[in-house]
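Colleague: I am new to reading protein models, and I would like to go through one feature by feature. Please give me the general idea each time, and then the case in front of us.

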Amino acid sequence: MSALREHQLRLLDLLVEFDSVCTRLGITWWIDSGTLLGAVRHGGFIPWDDDLDVCVLASDYRKIRKLLSAHLSSPYAFDCSKRGQTRLSPRFIDTGQSVLRHDPLTGAPREEKLWIDTFVLRPGNLRLKKAIDPLYGRCVRRINGSIRDGALKRIAAYMLFPVMWVAKELAIIIGKLFYRKNLLHDFGVPFYSVRRVEDIFPLGTISFEGKQFPAPADPDSYLRRIYGDYTKEPEDKSAHEIIF
């Protein structure tokens, strides 16, 4: 068995645990992006993929964070910290297992706990997100220490952050009022595909590696909005940053 396949099976065990906890606590979630694509096209992991993606709603996020913090037992944890992290999304992690990966910004090897990316989706306007995200994301990453490009830029980030925070909060309000059917990744997470509420709910289930997990009601429409013609395998079959 290859090192990649061993890693995938470790992730599968983590996903089973995540599903079990969420079912017990009544948490709404579904598989997303490459994980859903793998389920539809391959019946499981995309053969060269090395991560798992799930989604939750921003309207449920505080409840989810509180429930998971209160009910998870070692070695599992819900990691919401942004300190020193290039990602700005939470993770469901197994603290007893580690992986080595290339840092997305520096390329340097770093050790991280085995994780599932838990993306938060909220109603929004894509143009507003694209306008706010680059500067907001850089401010947050400089403040949390994941971008280290000088004291002056970090000071500027601290000065600009209040303005960008207000812009983000106004965009969130606009999204709730006028774009409730469009779901976007939370601010600072640089993914710009629109998910539509009618493609997701009511949630269905899908087989992934022989197990059933929550999935969008219309996987075909959901995936086409993200990837276009997802039925064709890409020429570039590189994975993410995991080092085997």
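Modeller: Let us begin with the vocabulary of elements: helices (H or I, at least four residues) and strands (E, at least two) are DSSP runs, and they are numbered from the N terminus. The model is predicted, so local features need pLDDT of at least 70 and side-chain atom pairs count only at pLDDT 80 or more, while totals for chains, interfaces and linings use all residues. Residues are numbered from 1 along each chain as its sequence is written, and side-chain values use heavy atoms, with hydrogens and water left out.

Colleague: Where does Glu-209 lie, and what is the sign of its phi?

Modeller: The general idea is that most residues other than glycine have a negative phi, and most peptide bonds are trans. Glu-209 lies in the loop between β8 and β9 (211-215), and although it is not a glycine, its phi is positive, at about 55°. Glu-209 is partly exposed, with a relative accessible area of 22%; buried means under 20%, exposed over 50%, and partly exposed in between (1.4 Å probe, protein chains only). Ser-33 is not a glycine either and has a positive phi of about 50°, but this residue belongs to helix α2 (residues 33-42) and, with a relative accessible area of 11%, is buried.

Colleague: Which residues does a cis peptide bond join?

Modeller: There are two cases to look at. Ser-74 and Pro-75 are joined by a cis peptide bond with omega of about 10°, and Pro-75 is found in the loop between α3 (58-71) and β3 (76-79). Phe-201 and Pro-202 are likewise joined by a cis peptide bond, with omega of about 0°, and Pro-202 sits in the loop between α6 and β8.

Colleague: How many aromatic pairs does the structure hold?

Modeller: Rings of Phe, Tyr and Trp (its six-membered ring) pair if their centres lie within 6.5 Å, and planes under 30 degrees apart count as stacked, over 60 as edge-to-face and the rest as tilted. The structure holds 10 such aromatic pairs. In one of them, the rings of Trp-30 and Phe-201 have centres 5.6 Å apart and planes at 80°, so this pair is edge-to-face. Because Trp-30 lies in strand β1 (residues 30-31) and Phe-201 in the loop between α6 (197-200) and β8 (204-208), the pair ties together parts that are 171 residues apart in sequence. Trp-30, at 0% relative accessibility, counts as buried, whereas Phe-201, at 28%, counts as partly exposed. Phe-208 and Phe-213 form another edge-to-face pair, 6.3 Å from centre to centre and with 65° between the planes, and both of these residues are buried. Phe-208 and Phe-213 also belong to a cluster linked by ring pairs, together with Phe-18, Trp-29, Phe-45, Tyr-76 and Phe-92.

Colleague: Over which ring does the charged end of Arg-91 sit?

Modeller: A charge sits over a ring if NZ of Lys or CZ of Arg is within 6 Å of the ring centre and within 35 degrees of the ring normal. The charged end of Arg-91 sits over the ring of Trp-115, 3.9 Å from its centre, and that of Lys-129 sits over the ring of Phe-187, 5.7 Å from its centre.

Colleague: At what angle do helix α4 and helix α5 pack?

Modeller: Axes are lines fitted to C-alpha atoms, for helices over the stretch in contact, and angles run from 0 to 180 degrees between N-to-C directions. Helix α4 (residues 126-144) and helix α5 (residues 151-178) pack at about 140°, and their axes are 8 Å apart. Contact means heavy atoms within 4.5 Å, and the residues that meet include Leu-128, Ile-132 and Tyr-136 in α4 and Ala-157, Phe-161 and Met-164 in α5.

Colleague: Is Ile-93 buried or exposed, and which residues is it in contact with?

Modeller: Ile-93 is placed in strand β4 (residues 91-102), and at 9% relative accessibility it counts as buried. Leaving aside neighbours within four places in sequence, the contacts of Ile-93 include Leu-14, Pro-75, Tyr-76 and Trp-115. The C-alpha atoms of Ile-93 and Glu-17 are separated by 10 Å, although these residues are 76 apart along the chain.

Colleague: What does Arg-122 touch?

Modeller: Arg-122 is in strand β5 (residues 109-123), and at 15% relative accessibility it counts as buried. Not counting residues up to four places away in sequence, Arg-122 touches Ala-58, Ile-172, Asn-182, Leu-183, Leu-184, Asp-186 and Phe-187.
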